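Here are some notes to read alongside the structure, set out as numbered points. Please keep the sequence and the model open while going through them.

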Amino acid sequence: MSVILTILAAIIASGACAYHRTSLRTWAIATAVTTLVVGLVARAPITTVVLLVILGLVAVPLLLVDFRRARISAPLLKMFAKVTPKLSATEQTALEAGTVGFEGELFSGKPEWSQLLRQPKPELSVEEQAFMDGPVEELCAMIDDWQITHELADLPPNVWDFIKKNKFFGMIIPKRYGGLEFSALAHSAVLQKLSSMSATLSSTVAVPNSLGPAELLLHYGSDEQKDHFLPRLADGRDIPCFALTGPQAGSDATSIPDFGIVTKGMHEGKETLGIRLTFDKRYITLAPIATVVGLAFRMYDPEHLLGEKEDLGITLALLPRETPGLEIGRRHFPLNIPFQNGPIHGKDVFVPLSTLIGGPHMAGQGWRMLVECLSVGRAISLPSNATGGSRMAVAATGAYARMRKQFGLAIARFEGVEEALARIGGYTYATAALSRATAAAVDRGEKPAVPSAIAKYHATEFSRAVASDAMDVHGGKGVILGPKNYAGRAWQGVPIAITVEGANIMTRSLMIFGQGAIRCHPYVLKEMQALTIEDKREQLRVFDRVLFGHIGFGFSNAVRSFVLGLTFASIGEGAGDAYTRRYYRKLNRYSAALALCADVAMGVLGGKLKFKEKLSARLGDVLSYLYIASAMLKQYEDNGRPESDRPMLAWAFHECVWRMQMALDGTIRNFPVRPVAWLLRALVFPFGRREVPPSDRLGRRVAALITAPSEARSRLLNWTYLTPGANNTVGRMNALLPDVIAAEPVERKFIKAMKGGQLHSHDYDGQLAEAERIGAINSAERELLKRVREGVNEFIAVDDFDPSELRSAVTRADRKPTAVKAA
């Protein structure tokens, strides 16, 4: 027994040091002292001596730095150099393009929560709020989405004029160039409100403020280009588009076949050094009406007119629409969401070198320019549009489910509908927090490459689930298209967001963990960078420090994962209040598990992990849900820890944690090296999978929150256009919702009188009059029931059409589309 006690004491002391990430020296001293003291007390001298000898054999060589570097690190450096795949120039650029924010803490296995909670609360400025209350409200009031999607297949002229006049295309452009110079949060808020009314409108506004000429000019344009184009882009005199995607390479800029040859040609009557471009692009938003076309192509200089290099690489140019040979094709028609979108072609189009964004010295810098700007655009546009659509689904579905009766009961009371309502509320809460977090990161000056991929993927996937559930709850109301249908077009348009700016399968399988594993890991990128150091002594010194930091990091995460799994994350560092502290501790556990599994996967599989896309996707899921859960906790803190939000926070949090568990389980279950998988399972799930999805009881509370007016519901519907009006059915539904709820007890009295045989009329008005006469209800209650009945009948009604109207619509759809003139 004394032997076992001494060994356990040594293991516990060593494990405690690993858990708390002490230095190597502290670990050696603490383990030695603990072993010696316990060994003497337990009277196990032989065991104590053996353990101390083993400890000495391990610790002494490691603590002798010169010996360690020469005998251990140097051979490992040679081995590492042989097995480490060399990063291509494009991969290196992508890794260096972004910055690392709090997602790096989540990858550390020991997040510093104070770093998250110290971040300033994102808030709109007075000017930005005035814009939301003024022009954004006015614009939403002008929108008739049926007219846009069915009759015009475009925004009406007065809407186009309003957008330009009020500088909706200039939100990211500084005031010195005539723009609004809004924060990323304000940019997100505007898009959310617009998308709650029309996906066509929000997409139209999003693109000029996302990846496009304005963003690229701001970062890389010459002063002359900025002075000329930015004022025109800000006030809508110029309409921009950016042409990247092509039939052969999609949006993979590194593989695009479009090319430009440096040569001399005639421009404005003079022989000029320029580029002869050949390109074929498609899916280009705003192309049909664009007056300025941003173009990505590969640039070659076979005659060495610019220098010795022939293949200059990916390059970006800005072409006026009137450029000879530039051909803007007819319109694409994306799933009945008719934002302007179409192809662009050109063969042997000659342009001067001055059309290059930033000028000739920026030739070949296009890939870096794209990846730096893509992360910012992806962090705002798509998550914001998805959030706005989901918020509107909460407003519409919550109200409709309370109004719609079946079997004498509001369908919101049915457990099957409750289940869908809980997902709608929970996913929307998570999406709103995620969108808010990435916008805040941009406002802090970050270039959130990994969070933007997380936000793009999960916000659009959550919105797909929300749209599907909203359609299920609405039933036939959502299926029958027409002016009364506020859900159908949103459901149709969901795949567009999932497809653009990198299809979601690619984003999940390649980008999130592919970038996160190297960018967010505290040591991997530093180890790879050590290989590029030319001074061999300095290289060995740096590699030695990083390598043993990495080894200690791995041991620490193994211990932390195991201990937190054994204790069900009931111990350790936490943050927040008494309610949320357990949530932070649970994230500590899964952060350690992610760091451990990622290290093992990279160490065992090496470069092969790049081709294990399913494993990469699952590990990326864990990082994503850690980030989403953190964003929700930050949102809860910033809102003042409202107790009424707790059901939605709890539902969304437990959903994230359950998904983390399943992603880790899938990683371990499918890990190709089985003995390693068995060890991982023991460390990550010592008691098996114990996380469960949100409970039915919790789901019922979320459903109740979104089907009745409350502070929590109002917060969830922030930045949603709910002003009642002829163009806003959902706004009118929400205005009626308090009356619907107030009428429920009155309706029960009325139904009781009917079932008691006291009413003999067959029509509703007659029955109400009889009920008032016999005293079952009073006059005010009668008026309430009548008003609610009339309103509900309007909202549950669907459209019908004369056959000739539908035939004319089919004829219009069958007619060959023609090119649209520039705005």
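1. A good place to begin is Leu-335, which sits in the loop between strand S6 (327-328) and strand S7 (341-352). This is a predicted model, and in it the phi of Leu-335 is near 50°, a positive value in a residue other than glycine. Most residues other than glycine have a negative phi. Leu-335 has a relative accessibility of 43%, and because partly exposed residues lie between the limits of 20% and 50%, Leu-335 counts as partly exposed.

2. A second residue of this kind is Glu-268, which has a positive phi of about 55° although it is not a glycine. Glu-268 is found in the loop between strand S2 (259-267) and strand S3 (270-285), and with a relative accessibility of 70% it counts as exposed.

3. Which residues have the most contacts inside the largest nonpolar core? They are Phe-168, Ile-344 and Met-632, and the core to which they belong has 183 residues. Leaving aside neighbours within four places in sequence, Ile-344 is in contact with several residues, including Cys-241, Ala-243, Phe-279, Asp-280 and Lys-281, as well as Leu-326, Glu-327 and Ile-328. Apart from this core lies another one, of 29 residues, among them Ala-296, Ile-357, Met-362 and Val-371.

4. Turning to the protein as a whole, there are 32 helices and nine strands. The radius of gyration is 31 Å, close to the 28 Å that the globule rule gives for 823 residues, so the protein is as compact as a globular protein of that length. Along its principal axes, the C-alpha trace spans about 100 × 90 × 45 Å.

5. Buried residues make up 55% of the 823 residues, while the area that the protein exposes is about 35400 Å², with carbon and sulfur atoms supplying 57% of it. Among contacts between residues at least 6 apart in sequence, 75% join residues that are at least 24 apart. As for charge, the protein has 95 positive and 82 negative side chains, and the centres of these two sets lie 7 Å apart.

6. Finally, where is Asn-639 placed? It lies in the loop between helix H24 (613-638) and helix H25 (646-669), and it is partly exposed, with a relative accessible area of 33%. Not counting residues up to four places away in sequence, Asn-639 touches Asp-645 and Arg-715, whereas the C-alpha atoms of Asn-639 and Tyr-486, which are 153 residues apart along the chain, are separated by 30 Å.

Note on methods
Residues numbered from 1 in each chain as written. Predicted model: local features only at pLDDT ≥ 70, side-chain atom pairs only at ≥ 80, totals over all residues. Heavy atoms only, no water. Core = buried A, V, L, I, M, F, W, Y, C linked by side-chain atoms within 4.5 Å. Buried < 20%, exposed > 50% of the residue type's maximum accessible area, 1.4 Å probe, protein only. Contact = heavy atoms within 4.5 Å. Helix = DSSP H or I, 4+ residues; strand = E, 2+ residues; numbered from the N terminus. Rg over C-alpha atoms; globule rule 2.2 N^0.38 Å. Areas by Shrake-Rupley, 256 points an atom, 1.4 Å probe, with all protein chains shown as cover. Lys, Arg positive; Asp, Glu negative; His and termini not counted. Charge placed at Lys NZ, Arg CZ, Asp CG, Glu CD.
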